[in-house]
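Me: Please take a close look at one part of this structure, namely the salt bridges that involve its helices. I would also welcome an account of the ligand site and of the backbone around it.

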Amino acid sequence: MSEDQSLNLVFLGAPGAGKGTQTKRLIKNFHFKHLSTGDLLRKLIQEKHPLGVKAKSYMDEGNLVPDSLMIDMIKTQMHQKKNIIFDGFPRTLAQAVALDEITHIDKVVFLEVAHQEVIQRLTGRRICKQCGFEYHVEFLPSKKGSVCEKCNGALYQRDDDQEEVIKKRLSVFTSLTAPLIQYYEGKLLRVQAMGTVEDIYQKITQGLGLSS
Ligand code: AMP
């Protein structure tokens, strides 16, 4: 894809489906701006920003942050209108309608994953505080134990990666976010998000017609 082309993508999927992993890989290889609302919220929490303080209580319980707050947040990030990957936004119909008013969405990648698999993935997830690289205690442990192999940053577990919170996040996905699958029907690329990160990445790039 060249810089003068435009492709706006939404990544849809249950928590733990691999949205962050796959989108971070795509932005490394193509000219996309990555807009992850989860990452933006966590940054605000770290900075003790009032918006972050407000959002944290919703996030810690596995609930969605209110639509009005999220829509305002996305609007402040829209410095460019093309070649954006929206990761974790929209998560409700109201957010999808608002996004259609802000910009045009070309394709929606839906990462499909069994919910049982998600629980295993997320309870073992450990993230580098410094570079954001994601490990897994069983499937991809850091060779340096509790610090990152790449940058020596400390590894941490997200507060919302506790089993009870994950179950709540999955039920929120089913009731509030899954209806977007139908909303985006004509733009949907369904990808089975099982197997290796590389296999899934290949399915996504082929499905989108992107050659690496
Ligand atoms: P994520 O990192 O995408 O799994 O997001 C972590 C948490 O941030 C979610 O469980 C929600 O509490 C909150 N969040 C992220 N994106 C949104 C959104 N578009 N709408 C509402 N809440 C969100």
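Reply: In this predicted model, the side chains of aspartate 39 and lysine 24 form a salt bridge, with 3.7 Å from N to O. The two partners belong to distant parts of the chain: aspartate 39 is in helix H2, residues 37-46, and lysine 24 is in helix H1, residues 19-29, with their positions 15 residues apart in the numbering. Neither side chain is classed as buried, because a residue must fall under 20% relative accessible area for that. Aspartate 39 is partly exposed, at 30%, and lysine 24 is likewise partly exposed, at 33%.

A second salt bridge also involves helix H1: the side chains of glutamate 198 and arginine 25 meet at 2.3 Å, N to O. Here the link joins helix H9 (residues 197-208), which holds glutamate 198, to helix H1, which holds arginine 25, and the partners are 173 residues apart. Glutamate 198 has a relative accessible area of 33% and is partly exposed; arginine 25, at 28%, also counts as partly exposed.

A salt bridge within one helix can be set beside these. Glutamate 164 pairs with lysine 167, and their closest N and O atoms are 4.0 Å apart. Both residues lie in helix H7 (residues 163-177), and because they are three residues apart there, about one helical turn separates them. Glutamate 164 is exposed, with 57% relative accessible area, whereas lysine 167 is partly exposed, at 39%. Elsewhere, salt bridges with shared partners connect Arg125, Glu134, Arg158, Asp160, Asp161 and Arg169 in one network. Over the whole structure, the search finds 15 salt bridges.

Arginine 169, a member of that network, also faces the ligand: an N or O atom of its side chain is 3.4 Å from a ligand oxygen atom. The protein covers 95% of the 480 Å² of accessible area that the ligand has on its own. The shell around the ligand comprises 16 residues, of which Thr37, Arg42, Asn63, Gly88 and Arg91 come nearest. For threonine 37, a polar side-chain atom lies 2.8 Å from a nitrogen atom of the ligand. For arginine 42, a polar side-chain atom is 2.9 Å from a ligand oxygen atom. Helix H2 provides the largest share of the shell, four residues. By class, six residues of the shell are nonpolar, five are polar and five are charged.

Helix H2 also holds aspartate 39, and this residue is among those touched by histidine 34. Histidine 34 lies in strand S2, residues 33-36. Apart from residues up to four places away in sequence, histidine 34 touches Thr23, Lys24, Ile27, Asp39, Ile85 and Asp87. This list includes both partners of the salt bridge between aspartate 39 and lysine 24. Two polar contacts involve the histidine side chain: one with the side chain of threonine 23, at 3.1 Å, and one with the side chain of aspartate 87, at 2.9 Å.

The backbone deserves separate attention. Most residues other than glycine have a negative phi, and most peptide bonds are trans. In this model, the peptide bond from phenylalanine 89 to proline 90 is cis, with omega near 0 degrees. Proline 90 is in the loop between strand S3 (84-87) and helix H5 (93-102).

Lysine 48, although not a glycine, has a positive phi of about 55 degrees. This lysine is in the loop that runs between H2 and helix H3 (50-60), and it is exposed at 67% relative accessibility. Asparagine 152 is another residue other than glycine with a positive phi, in this case near 65 degrees. Its place is the loop between S6 and strand S7 (155-156).

Asparagine 152 can in turn be related to lysine 129: the C-alpha atoms of the two residues are 9.5 Å apart in space, with their places 23 residues apart in sequence. Lysine 129 occupies the loop between strand S5 (125-128) and strand S6 (134-136). At 55% relative accessibility, lysine 129 counts as exposed. Beyond its neighbours within four places in sequence, lysine 129 is in contact with Ala154 and Tyr156.

Definitions and conventions
Residues are numbered from 1 along each chain as its sequence is written. This is a predicted model: local features need pLDDT of at least 70, side-chain atom pairs count only at pLDDT 80 or more; totals for chains, interfaces and linings use all residues. Side-chain values use heavy atoms; hydrogens and water are left out. Helices (H or I, at least four residues) and strands (E, at least two) are DSSP runs, numbered from the N terminus. Buried means under 20% relative accessible area, exposed over 50%, partly exposed in between (1.4 Å probe, protein chains only). A residue is near a molecule or strand if one of its heavy atoms lies within 4 Å of it. A polar contact is a pair of N or O atoms within 3.5 Å; within protein, one must be able to donate a hydrogen and the other to accept it, and residues adjacent in sequence count only if both atoms are side-chain atoms. Accessible areas come from the Shrake-Rupley method with a 1.4 Å probe; for residues, only the protein chains shown count as cover. Ala, Val, Leu, Ile, Met, Phe, Trp, Tyr, Cys and Pro count as nonpolar, Asp, Glu, Lys and Arg as charged, and the others, Gly among them, as polar. Contact means heavy atoms within 4.5 Å.
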